[in-house]
Amino acid sequence: LGWGKLSSLVCVQEKKIFAVQGPYPVIRSLLRARGWVERKLPREGRGLKQQFGGQKKQQPEREPGDDGDEQGEAVLNPRGGAEPSLWATEPLHYPWPHNEEVEEEKEDEDDDSDEIHDLMSYLVRDQVPNFLWTIRLSSIDQELLQRIEVVNRYHWVNALSTKEGLCLSLQNLPWFEQADPNTFFPRCYRLGTMEEREAFIEDFRLTAARSLLRLALEKAGDRLVGKEQPPKFNKGTATSLTPSPTEGPGSSLSSTSRLAEEALKVCEQHLGVLEHQDIDRKTPSPCRTCIDWNRFLQDYYRVAHEGAGLALSGAQRERCQHLLRRLAEQLPQFSIEGDLNVWILKPSAKSRGRGIVCATRLQEVLQLARGCTTPSARVCEWVVQKYVERPLTIFSTKFDIRQWFLVTDGNPLTVWFYRECYLRFCSQPFSLRHLEHSRHLCNVSIQKQYKTSPHQDPRVPPSRVWSSRQFQAYLARLGLADAWRQVMVPGMKAAILNSVRCAQNHMGFRKGSFELFGADFLVGEDCQPWLLEINSCPTMSPSSAVTRRLCANVQRDTLRLVLDRKDDPSCSTGAFELIYKEVGWEAVGAGSPQAPQAPTPCSVSLQAAVSPCLAVGINLMVKGCSLKKS
């Protein structure tokens with residue numbers, strides 16, 4: 001008893017008291033090993049007495065989640081102790097909130113029965129923690145939060161960690177870098193805004209025209225043949241709409257030569273716009289020509305999804321080949337497009353693959369978005385993003401990459417990249433003719449619902465997880481040993497850095513705090529990484545031996561950066577690599593301001609051309625009306 005009390009007093013004096021909300025046994029163990037004492041939070045859902053007797057039992061405070069579900073949250077009270085708390089009458093546990101919008105998944109609870117730790121926790125029950133690791137800040141009393149020195153979350157990260165927020169933030173990339181988001185982020189539209197909804201419709205039509213030309217080349221010289229199987233839509237996928245009266249399975253194509261000519265005309269006009277030829281002459285908008293787009297798309301669907309034939313003349317074939325080559329030079333995402341024009345719809349603010357559907361027809365997408373058209377200032381319910389139809393696959397199976405990065409300061413902006421990551425595999429072979437989640441969504445929370453397909457290559461790991469080192473060994477066997485170091489890692493660093501810089505003016509940074517993020521990437525056939533989304537509070541739940549090791553390592557190295565490095569700047573940062581630290585005017589020198597360097601794999605610190613506190617990228621549009629004299 002005396003030793004526990006003495007240790008607790010020392011920790012109070014040395015400011016080594018921590019609190020953890022959620023199942024983080026690694027964080028808890030690492031902090032205890034450093035001599036920290038935990039101020040435990042009560043388990044949610046229990047009725048607890050107030051510390052001073054005779055008062056009514058209360059339930060931990062509850063608040064609605066982002067999707068309308070209620071979450072149980074333990075709330076820290078600024079006046080001491082968790083609210084409410086009677087540590088002598090209740091077991092010491094930590095809470096777990098249900099249905100969180102953050103990505104964290106439930107782990108087995110760490111039932112710590114160590115009496116010494118329980119005793120020390122009881123002795124510091126009235127102390128303000130010096131370090132807090134929590135799932136979400138909204139569960140913490142704001143008055144108390146201001147008194148906690150180090151917190152693992154930032155306020156207002158939606159500009160980075162939601163689909164709608166990231167889509168909107170990256171539209172401002174030209175304000176920060178001479179870079180095009182289309183080179184690393186599949187084009188994305190917020191369907192709740194009329195402008196972006198119209199832009200998506202135009203994009204879908206143009207992509208259909210390009211896809212038709214691809215198919216025409218593949219079918220060149222063929223006559224009308226038997227139909228292929230259309231995409232199948234099973235449970236958990238986008239469901240096909242009822243065909244329109246002009247879309248019956250027995251209806252015939254319009255003139256194939258006219259269809260090919262229309263696609264050629266549209267793509268030639270689009271190329272003219274891309275090459276800025278519309279500046280010198282009146283080039284019509286490619287989607288505002290005399291083409292009947294409803295008929296064109298129905299004919300395209302029959303060619304792409306039902307196997308109808310499409311013949312090209314010799315002259316048309318030559319025009320088609322030349323046109324597609326020039327479009328490939330102008331369109332950064334030409335390499336990820338395929339024949340079927342697949343798009344993926346995502347709820348704006350959900351994680352773990354919930355609510356995602358794939359669609360191949362324009363009306364499928366618009367039907368989902370029909371009820372969510374809102375003013376631009378309001379949050380959109382759906383975003384739609386171009387699906388990567390030509391991904392790099394391993395053993396004919398789709399995978400994605402979970403890549404961690406850490407933001408330790410907002411002013412100056414400081415970003416760290418974790419040199420280790422892991423791959424997540426689907427449970428069935430990749431096929432665009434079948435749009436089940438088991439083939440296309442790599443999230444562990446999705447794939448654990450499915451058994452491994454008997455058609456799956458036996459070389460796919462049973463855990464459906466690989467480390468980045470295993471991936472590098474696989475690439476070496478394919479003769480692509482340099483692809484990881486020279487293409488994928490630099491591409492992921494640039495995508496992460498560009499995304500954070502675009503969102504930084506809309507994030508609630510706080511001195512002394514930090515946040516670990518998980519970015520999800522898909523790799524194209526050319527080994528180019530494509531950013532899909534960024535998750536706040538990435539899962540630390542081990543789903544395999546690989547993730548058990550890596551998740552423990554990234555938590556260990558995070559604490560090294562945010563705690564140990566304060567006392568010892570030369571201490572190891574583990575696998576974290578500093579890829580960006582913003583420098584203001586004062587640090588640049590007395591001469592002219594230095595231009596920002598491009599994010600390259602070898603760069604450790606980049607120079608900012610503007611002061612980090614200057615707001616840029618804001619909408620400067622002013623709307624008004626005319627005034628008339630009375």
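**Salt bridges**

I began with the charged pairs and found that the structure holds 33 salt bridges. I keep in mind that this is a predicted model.

I looked up Arg 153 and Glu 515. Their side chains meet in a salt bridge, at 2.9 Å from N to O. The two partners sit in distant parts of the chain, 362 residues apart. Arg 153 belongs to the loop between β8 (150–151) and α5 (158–161). Glu 515 belongs to strand β17 (residues 515–523). Are the two residues buried or exposed? I noted both Arg 153 and Glu 515 as buried.

Next I took Arg 402 and Asp 520. They form a salt bridge whose closest N and O atoms are 2.7 Å apart. This pair also links distant parts of the chain, with the two positions 118 residues apart. Arg 402 comes from strand β13 (residues 399–410). Asp 520 comes from strand β17. So strand β17 supplies a partner to each of these two bridges, Glu 515 to one and Asp 520 to the other. Arg 402 is buried, and Asp 520 is buried too.

Then I checked Arg 485 and Asp 482. They form a salt bridge, with the closest N and O atoms 3.6 Å apart. I put Arg 485 down as exposed because its relative accessibility is 53%, and exposed begins over 50%. Asp 482 has 42% relative accessibility, so I entered it as partly exposed.

I also followed bridges that share partners. Arg 187, Asp 203, Arg 210 and Glu 337 are joined by them into one network.

**Cavities**

I turned to enclosed space. Rolling a probe the size of a water molecule over the atoms shows where empty space is left. How many cavities of 30 Å³ or more are there? I counted seven.

I opened the second largest cavity. Its volume is about 80 Å³. I listed 10 residues in its lining. Nearest its centre lie Trp 133, Asn 152, Leu 516, Cys 537 and Pro 538. By type, I sorted the lining into six nonpolar residues, one polar and three charged.

**Whole chain**

I tallied the secondary structure as 17 helices and 19 strands. The protein has 630 residues, and 56% of them count as buried. It exposes about 28400 Å². Carbon and sulfur atoms supply 51% of that area.

I then looked at contacts with a separation of 6 or more. Residues 24 or more positions apart account for 74% of them.

**Helix α6**

I went to helix α6 (residues 163–170). Why do I call it largely enclosed by the rest of the structure? Because seven of its eight residues are buried. I wrote down the buried ones: Lys 163, Glu 164, Gly 165, Leu 166, Cys 167, Ser 169 and Leu 170. Lys 163 and Glu 164 are charged residues, and both are on the buried list.

**Arg 565**

I picked out Arg 565 in helix α16 (residues 545–567). Its relative accessible area is 34%, so I recorded Arg 565 as partly exposed. Which residues does Arg 565 touch, leaving aside neighbours within four places in sequence? I found Trp 416, Arg 560, Cys 571 and Thr 573 in contact with it.

**Backbone angles**

I ended with the backbone. Most residues other than glycine have a negative phi, and most peptide bonds are trans. I looked for departures from this pattern.

The peptide bond from Asn 411 to Pro 412 is cis, and I read its omega as near 5°. Pro 412 lies in the loop between β13 and β14 (413–418).

Asn 341 has a positive phi, near 55°, and is not a glycine. I located Asn 341 in the loop between α10 (314–330) and β10 (343–347). With a relative accessible area of 0%, Asn 341 counts as buried.

Arg 464 has a positive phi as well, about 60°, and is not a glycine either. I placed Arg 464 in the loop between α13 (444–447) and β16 (465–467). Is Arg 464 buried or exposed? I entered Arg 464 as buried, because its relative accessible area is 12% and the cut-off for buried is under 20%.

Terms used
Residues numbered from 1 in each chain as written. Predicted model: local features only at pLDDT ≥ 70, side-chain atom pairs only at ≥ 80, totals over all residues. Heavy atoms only, no water. 1 Å grid on protein atoms, 1.4 Å probe; cavity = no way out; pocket = protein on both sides within 12 Å on 5 of 7 lines; lining within 4 Å. Points joined across faces, edges and corners; volume = space filled by probe spheres on them. Salt bridge = Lys/Arg side-chain N within 4 Å of Asp/Glu carboxyl O. Helix = DSSP H or I, 4+ residues; strand = E, 2+ residues; numbered from the N terminus. Buried < 20%, exposed > 50% of the residue type's maximum accessible area, 1.4 Å probe, protein only. Contact = heavy atoms within 4.5 Å. Areas by Shrake-Rupley, 256 points an atom, 1.4 Å probe, with all protein chains shown as cover.
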